[in-house]
Amino acid sequence: VEAHAEDLNWRTSIVDLLKLMDMDSSYASRKEMAIELGYTESDIESKGSGEMNMWLQKQVMHQIAKNGGNVPEELYA
């Protein structure tokens, strides 16, 4: 986090979290990732991208923790 040039709000922003991990943070990429992790196309259409982003943020944090990352449980529970 300290080495990144931007001041990123990675704890609550999926866009900032993906930027921190040097991943594509575009809407198309986030949508594709959400679908891969189990979010449905119909949920995206009915709930909107904001709900998808909040869901995806928790899922990515959960995956980081699952793979050995040190993530406080409140960030993905």
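These are my notebook entries on a predicted model of one chain.

**Entry 1. Confidence**

I began with the confidence scores. The mean pLDDT over the chain is 91, and 94% of the residues reach at least 70. I then looked at the helices. Helix 1, residues 14–20, has the lowest confidence with a mean of 93, while helix 2 has the highest at 97. I kept one caution in mind: where pLDDT is low, the predicted coordinates should not be read in detail.

**Entry 2. Fold and overall dimensions**

I looked up the secondary structure next. The chain has 4 helices and 0 strands, and along the sequence I read the pattern as α-α-α-α.

I checked the radius of gyration against the value for a compact globule. For 77 residues that value is near 11 Å, and the chain has 12 Å, so the two agree. Along the principal axes, the C-alpha atoms fill a box of roughly 40 × 25 × 15 Å.

I noted two figures for the chain as a whole. Buried residues make up 29% of the 77. Of the contacts between residues at least 6 apart in sequence, 29% join residues at least 24 apart.

**Entry 3. Helix 2**

Which residues of helix 2 are buried? I found S29, R30, M33 and A34. They lie on the same side of helix 2, because the arc they cover around the axis is only 135 degrees. The spacing fits a general rule: an α-helix has 3.6 residues a turn, so residues three or four places apart point the same way.

I looked at the other side of helix 2 and found A28 and E36 exposed there. I then asked what the buried residues of helix 2 pack against. The partners are helix 1 and helix 4.

Past the end of helix 2 I checked the backbone. G38 follows the helix and has a positive phi, near 115 degrees.

**Entry 4. L18 in helix 1**

I picked L18, which sits in helix 1. L18 has a relative accessible area of 0%, so it counts as buried. Leaving out residues up to four places away in sequence, I listed what L18 touches: M23, D24, S25, R30 and M33. Two residues of that list, R30 and M33, also appear among the buried residues of helix 2.

I also took the distance from L18 to V60. The two are 42 residues apart along the chain, and their C-alpha atoms are separated by 9.1 Å.

**Entry 5. Q57 in helix 4**

I turned to Q57, in helix 4. Is Q57 buried or exposed? Its relative accessibility is 5%, which means that Q57 counts as buried. Again leaving out residues up to four places away in sequence, I find that Q57 touches W10, R11, T12, S13, I14 and L17. Of these, I14 and L17 fall within residues 14–20, the range of helix 1.

**Entry 6. The aromatic pair**

I searched for aromatic pairs and the count came to 1. The pair is Y39 with W55; the ring centres are 4.8 Å apart and the planes make an angle of 40 degrees, which I logged as tilted. The partners come from distant parts of the chain, 16 residues apart: Y39 is in the loop between helix 2 (27–36) and helix 3 (41–47), and W55 is in helix 4 (residues 49–66).

I compared their burial. Y39 is buried at 6% relative accessible area, whereas W55, at 24%, is partly exposed.

**Entry 7. Salt bridges**

How many salt bridges are there? I counted 2.

One is between E41 and K31, with the closest N and O atoms 2.9 Å apart. This pair links distant parts of the chain, E41 being in helix 3 and K31 in helix 2, 10 residues apart. I looked up the accessibility of each. E41 is partly exposed at 34%, and K31 is partly exposed at 23%.

Another joins the side chains of D43 and K47, at 3.9 Å from N to O. Both residues lie in helix 3, 4 residues apart, or about one turn of the helix. D43 has a relative accessible area of 23% and is partly exposed. K47 is likewise partly exposed, at 46% relative accessibility.

Terms used
Residues are numbered from 1 along each chain as its sequence is written. This is a predicted model: local features need pLDDT of at least 70, side-chain atom pairs count only at pLDDT 80 or more; totals for chains, interfaces and linings use all residues. Side-chain values use heavy atoms; hydrogens and water are left out. Rings of Phe, Tyr and Trp (its six-membered ring) pair if their centres lie within 6.5 Å; planes under 30 degrees apart count as stacked, over 60 as edge-to-face and the rest as tilted. Buried means under 20% relative accessible area, exposed over 50%, partly exposed in between (1.4 Å probe, protein chains only). pLDDT is the predictor's confidence in each residue, from 0 to 100. The arc is that of the directions from the helix axis to the C-beta atoms. Contact means heavy atoms within 4.5 Å. A salt bridge is a side-chain nitrogen of Lys or Arg within 4 Å of a carboxyl oxygen of Asp or Glu. The radius of gyration is taken over C-alpha atoms; the globule rule is 2.2 Å times the number of residues to the power 0.38.
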